[in-house]
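Me: I would like to learn how to read a protein model feature by feature. Could you take me through one?

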Amino acid sequence: MDLPLFARGAAIGFSIAAPVGPIGVLCIRRTLADGRAAGFVSGLGAAAADAVYGGIAGFGLTAISSLLLTRQGVLRLIGGAFLCYLGARTFFSRPAPGGTSLSGAGLTRGFGSTFLLTLTNPTTILSFAAVFAGLGAVGPTRGLGSAVTLVSGVFLGSALWWLTLSLGVGVLRARLTPCPRSAVNRLAGLVILGFGVAALLAARWAP
């Protein structure tokens, strides 16, 4: 394995995942409400989607990327509607006394929801393609092994960010009483709803 290339992929994945957006707010809220595992697994869904888009860019699958970019209006519409649903559901949800911890089907749903939400932003492909090209990480001189190494690094870097976030937020969880948790639900719900409305508005001008 090309360790320097793997490390560059990890740095790319970490830096693309780190800015707090709707997925970050959702993972923070799930960590506070349902425990570190729920927040981390939700983040892994986003990391898996980042790896998918990183793979499309890294393997030079231009036909797929072009198709997704020409349909980004529909994808943003779906993602925006889903965010509005999650925001409203979060706003009106009631925290369980003493907190709960998800397992099994609950973790699977958490993974699936963030995976699909992240996939509704196909312009992520452009970010990966630009960064990869700038670093000389892809191109005619690079083979299949290099692309696999790079995408593996992207997934690990993104997953590392979500692990760091869920562990950090988990420290606060035990200190919150049901009243502050209810306030967190209201605030997180409004923020997620705001991202959803913004996505719906952006869909009007997307192809």
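Reply: What follows goes from the overall fold to helices, cores and ring pairs. Keep in mind that this is a predicted model.

Me: Start with the secondary structure. How many helices and strands does the protein chain have?

Reply: Begin with the inventory, then the order. The protein chain has 9 helices and 0 strands. Along the sequence the pattern reads α-α-α-α-α-α-α-α-α.

Me: What share of the 207 residues is buried?

Reply: Buried residues make up 44% of the 207 residues in the protein chain. The accessible surface comes to about 10,100 Å², and carbon and sulfur atoms account for 72% of that surface.

Me: What share of the contacts joins residues 24 or more positions apart?

Reply: Take the contacts with a separation of 6 or more; residues 24 or more positions apart account for 92% of them. One pair to look at is Asp34 and Gly170, which are 136 residues apart in sequence, with C-alpha atoms 9.6 Å apart in space.

Me: How do I check the geometry of a helix such as α3?

Reply: Compare the expected span with the distance between the end C-alpha atoms. Helix α3 covers residues 36-58, and its 23 residues should span 33 Å at 1.5 Å a residue. The end C-alpha atoms of α3 are 31 Å apart, which agrees. For α2, the 13 residues should span 18 Å, and the end C-alpha atoms are 18 Å apart, which agrees.

Me: Why are α3 and α2 described as largely enclosed?

Reply: Count the buried residues in each helix. In α3, 19 of the 23 residues are buried, so α3 is largely enclosed by the rest of the structure. In α2, 10 of the 13 residues are buried, so α2 is likewise largely enclosed by the rest of the structure.

Me: Which residues of α2 are buried?

Reply: They are Ile23, Gly24, Val25, Leu26, Cys27, Arg29, Arg30, Thr31, Leu32 and Asp34. Asp34, found in helix α2 (residues 22-34), is a useful case for the cut-off: its relative accessible area is 14%, and buried means under 20%. After α2 comes Gly35, whose phi is positive, near 105°.

Me: What is the general idea behind a nonpolar core?

Reply: In soluble globular proteins, nonpolar side chains tend to be buried together. Here the largest nonpolar core has 19 residues, of which Ile23, Leu117, Trp162, Leu165 and Ile192 touch the most other members. Helices α2, α3, α5 (72-92), α8 and α9 (178-203) each supply at least two residues of this core. Apart from this core lies another, of 7 residues, among them Ile12, Ile56, Ile125 and Val154.

Me: Which residues does Leu165 touch, not counting residues up to four places away in sequence?

Reply: With those sequence neighbours left out, Leu165 touches Gly24, Cys27 and Ile28. Thr118 can be read in the manner just shown. Thr118 lies in helix α6 and is buried, with a relative accessible area of 11%. Not counting residues up to four places away in sequence, Thr118 touches Ile23, Ala46, Ala49, Asp50 and Tyr53.

Me: How many aromatic pairs are there?

Reply: The structure holds 5 aromatic pairs. For each, read the centre distance and then the angle between planes. Phe14 and Trp161 are edge-to-face, at 5.6 Å centre to centre with 85° between the planes. That pair links distant parts of the chain: Phe14 is in helix α1 (residues 3-17) and Trp161 in helix α8 (residues 144-173), 147 residues apart. Phe14 is partly exposed, at 30% relative accessible area, whereas Trp161 is buried, at 16%.

The pair Phe111 and Phe115 is stacked, at 6.2 Å centre to centre with 10° between the planes. These two residues are separated by about one helical turn, because they are 4 residues apart in helix α6 (residues 105-119). Phe111 is partly exposed, with a relative accessible area of 31%, and Phe115 is partly exposed at 22%.

Me: Which residues do ring pairs link into a cluster?

Reply: Phe14, Trp161 and Trp162 form the cluster. Trp162 is also among the residues that touch the most other members of the largest nonpolar core.

Me: Which residue lies over the face of Phe91?

Reply: Here the partner is a charged side chain rather than a second ring: Arg186 lies over the face of Phe91, at 5.4 Å from the ring centre.

Definitions and conventions. Residues numbered from 1 in each chain as written. Predicted model: local features only at pLDDT ≥ 70, side-chain atom pairs only at ≥ 80, totals over all residues. Heavy atoms only, no water. Expected span 1.5 Å × (residues − 1). Buried < 20%, exposed > 50% of the residue type's maximum accessible area, 1.4 Å probe, protein only. Contact = heavy atoms within 4.5 Å. Areas by Shrake-Rupley, 256 points an atom, 1.4 Å probe, with all protein chains shown as cover. Phe/Tyr/Trp six-rings, centres within 6.5 Å; stacked < 30°, edge-to-face > 60°. Lys NZ or Arg CZ within 6 Å of the ring centre and 35° of its normal. Core = buried A, V, L, I, M, F, W, Y, C linked by side-chain atoms within 4.5 Å.
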